[in-house]
Every structure is written in C-alpha cells, then in structure tokens.
Amino acid sequence: MRRPAYALLLGVALLMGLMALIASLKLGAPLRDPDGFLGPSWVRLPLMVLGAFLVDVIPRSLWRSRTDWRAFKGHALGIIREHWTRERILLVVIGLTSFFITYVSYRNLKNFLPRLGGELQDPVLHRIDQVLAFGHEPAVLLHGLLGEGVAAHVLAFVYLFFLPLSPASLVVWLVWSRNISYGYWYATAHCLAWAFGTASYYLVPSLGPNFAYVWLYSDLDQTGVKSLQDALYNGRIDIIYNPFADSIQSVAGFASLHVGIILTLALITQYTVRHAWIRLAMWVLFALTVVSTLYFGWHYIADDIAGAAIAGLSVWIGGLATGQKFDRGGRASHPTTSTARVPVTEDVRPR
C-alpha cells in the first residue's frame, strides 16, 4: 500500500480554506487576498518561481556553453529535462497552491479575530513574563543590555527580513531540493505551522506587549518595525470601529509565528542541507528572531515558547507524512523515497 506525499499538505490547505469560508459566511464579511509589498500572493508566488526557474537554467547553461553561444539553447533544454521533471513540476504546483490557500485563509481568520475571538489574555501573559524574568520586564532588560539605538535598527532588519524569507524559502525548497520528498516536507511543515498558529490565536487571544503596554517601548528609535506596528494598530482600530473599512486586522500575540516559521526553516535546513555554514546561519537567524520579538514587544516569552512548540510539531508531523525516517533519537533523518509516492511500510535508503 502507498500514499501520496502531498495528502496532508492538501488536507491542511482545504481545511484552512473551509474554516475561512465558514467564518466569512457567519460574519457576512468577504474573503480577501492580502497584498504584500510585491503585490497579491497569486501574482507574487508565480513570479518568484519564474525567477527561480531563470536563475536555475540560465547561469548553468552559460557555464556549460562557455564561449560557444550556439550551444546555449541545447544546454538549457538539457537542464530543463534533467531538473524540471514531471515530479518537480507537480511539487511546485501543489506546494504553491497549498501555501496560497493556507496563507490567505490564515490572514482572513486573523482578520476576523476581533469579532470571533474571546477575551484578551494579555494580563495573564504579561504576568508570566514577569515571573520568568524574576519580577522584571523582559523588554526593558533587553533595552538596557543592547541599547535602544543601533540594536533597534539591526533587530528591525532581522524581524522584517521574515516577510520575504517565508515565501522565498518555500520556493527554494520546491525548486531546488535535491530530493522531491524534502520539498513536500518543508511545504507541509510550513503550512501546518500557519494552521497551528491560527488555532493558537483563537485559543489564547492576545495583542502582544507592544500593543497592550505601549509605554515600555516608547524610547526606541524610529524603525521600520515601529512604522509597521503603528500601521497594524491603526488597521485593527479601523476594523473594530469602522464597518466600511478596507483594512485587514493583523494583530495577534499568542503564539509567535515569526518564531514558529523561522524555527521550522532552521529544523528543515538542519535535516536536509549538507552545508554546515547554511545550517549555522539559520540557527543564528532563529536566535536573533527570538530576541527581536521580545525587544520590540511583538510577543511575550510564552508566545515564543508556543511558537517553538508549533515548529517542532509541524516538522515532526510533516516528516512522518512525507516519508522521512528519523534517526539518532530524532537528531537526524533520511528520506525513504525520492518521488511523490511515499511508502507506508517500506524503508528504502536512497544511494
């Protein structure tokens, strides 16, 4: 008996889409495709894949043809036949479609939080922060340790880097993963993290310390993060008090999906990438991301812990669903297939 590697991936996307549709019908509010700085998701993602395709084919064709320009076309067609197989194209189409549905549903369900979510739990989460920091404010401790000038700009860059990195990393794994099952693994874990994060918003509704305790962050330098926080706060107020608003509400604290998604990326990198410097870079990025979420007050400590738990659960479930065999107590893994068909019981190590 065999099962497709993308069964869970499609299931998560369909469930998220169904939940968003039900919430939309219940509230009488339309579903929206949230625009990014590069345009709507349905435009942005295919353009990124096109860019990855060109980067994959053109440089390698130039290298193979050297100074023989007449051979360029032949080499390009050869690379396309070698790499852009039916399995690869299927992975890219299924992965991007599932991510698009999952992410758009996530943004809409997040938008509906003020109307469907329960009582805000910021006082409880804030008290947990103080207990874990032995009576201190974690953000104030970080401001005193790192300063409120240069560190703010560096950590703002790290935090905002997440915005293009999330979809870009998905494209990288879909297009260039050396084993097809690795692409399905990352896409599945990626979508699971967004889905679990959405559920956590409704289980523990909160705004985050910057929105609930603004005065703790008033002395920080003006950065892109500060501008983004102001825009998100205004969008939330617009949604709550203006019935004709076109804004999208994007404020939610528990759990931290910045931490969840970046840790998912770091874990998949650790399991699937051979180059040690890339693995190290992902772990450094994860550590800086955790610091930035607390420094700017996006999240409480409990939010980051929950985000890390979501990442671990998503990577583990995604690995089981896509045919990964965990070794050494979960510290390493190997794929049991190189195609989109994943064995249920068969364990075959690829050469």
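Helices (H or I, at least four residues) and strands (E, at least two) are taken as DSSP runs and numbered from the N terminus. The structure is a predicted model, in which local features need pLDDT of at least 70, side-chain atom pairs count only at pLDDT 80 or more, and totals for chains, interfaces and linings use all residues. Residues are numbered from 1 along each chain as its sequence is written, and side-chain values use heavy atoms, with hydrogens and water left out.

A convenient place to begin is helix α6 (residues 122-132), whose buried residues are Asp122, Leu125, His126, Asp129 and Gln130; buried here stands for under 20% relative accessible area, exposed for over 50% and partly exposed for anything in between (1.4 Å probe, protein chains only). These buried residues lie on the same side of α6, because the arc they cover around the axis is only 145 degrees. The arc is that of the directions from the helix axis to the C-beta atoms. Pro123 and Arg127, on the other side of α6, are exposed. The partners that the buried residues of α6 pack against are α7 (138-146), α10 (209-212) and α14 (301-321), with contact meaning heavy atoms within 4.5 Å.

Just after α6 comes Phe134, with a positive phi of about 55 degrees. This residue takes that positive phi although it is not a glycine. Phe134 sits in the loop between α6 and α7, and its relative accessible area of 75% makes it exposed.

Helix α7 follows, and its buried residues are Pro138, Ala139, Leu142 and His143. An arc of only 135 degrees around the axis holds them, which puts them on the same side of α7. Gly144 and Leu145 are exposed on the other side of α7. The cover over the buried residues of α7 includes α6, α13 and α14. Just after α7, Gly147 has a positive phi of about 90 degrees.

The packing of α7 on α13 can be described further. The axes of α7 and helix α13 (residues 276-295) come within 8 Å and cross at roughly 115 degrees. Axes are lines fitted to C-alpha atoms, for helices over the stretch in contact, and angles run from 0 to 180 degrees between N-to-C directions. The two helices, α7 and α13, are therefore roughly perpendicular to each other; angles under 35 degrees count as roughly parallel, over 145 as roughly antiparallel, 65 to 115 as roughly perpendicular and the rest as oblique. On the α7 side the contact is made by Ala139, Leu142, His143 and Leu146, and on the α13 side by Val291, Leu294 and Tyr295. Sorted by class, this contact of α7 with α13 has 6 nonpolar, 1 polar and no charged residues. In this scheme Ala, Val, Leu, Ile, Met, Phe, Trp, Tyr, Cys and Pro count as nonpolar, Asp, Glu, Lys and Arg as charged, and the others, Gly among them, as polar.

Another crossing involves helix α8 (residues 150-176) and α11, whose axes come within 8 Å and cross at roughly 55 degrees. Helices α8 and α11 are therefore oblique to each other. Here Ala156, Tyr159 and Leu160 of α8 meet Gly224, Val225 and Leu228 of α11. The contact of α8 with α11 has 5 nonpolar, 1 polar and no charged residues.

For helix α4 (residues 86-111) and helix α9 (residues 180-203), the axes come within 10 Å and cross at roughly 10 degrees. That angle makes α4 roughly parallel to α9. Among the residues in contact are Phe99, Tyr103 and Tyr106 of α4, along with Trp194 and Tyr201 of α9. By class, the contact of α4 with α9 has 13 nonpolar, 5 polar and 3 charged residues.

Aromatic rings deserve a look of their own. Rings of Phe, Tyr and Trp (its six-membered ring) pair if their centres lie within 6.5 Å, and planes under 30 degrees apart count as stacked, over 60 as edge-to-face and the rest as tilted. The count by this rule comes to 15 aromatic pairs. One of them, Phe99 with Tyr103, is stacked, at 5.7 Å centre to centre and 20 degrees between the planes. Both residues lie in helix α4, 4 residues apart, about one turn of the helix. Phe99 and Tyr103 are both buried. Ring pairs also link Phe99, Tyr103, Tyr106, Phe162, Trp194 and Tyr201 into a cluster.
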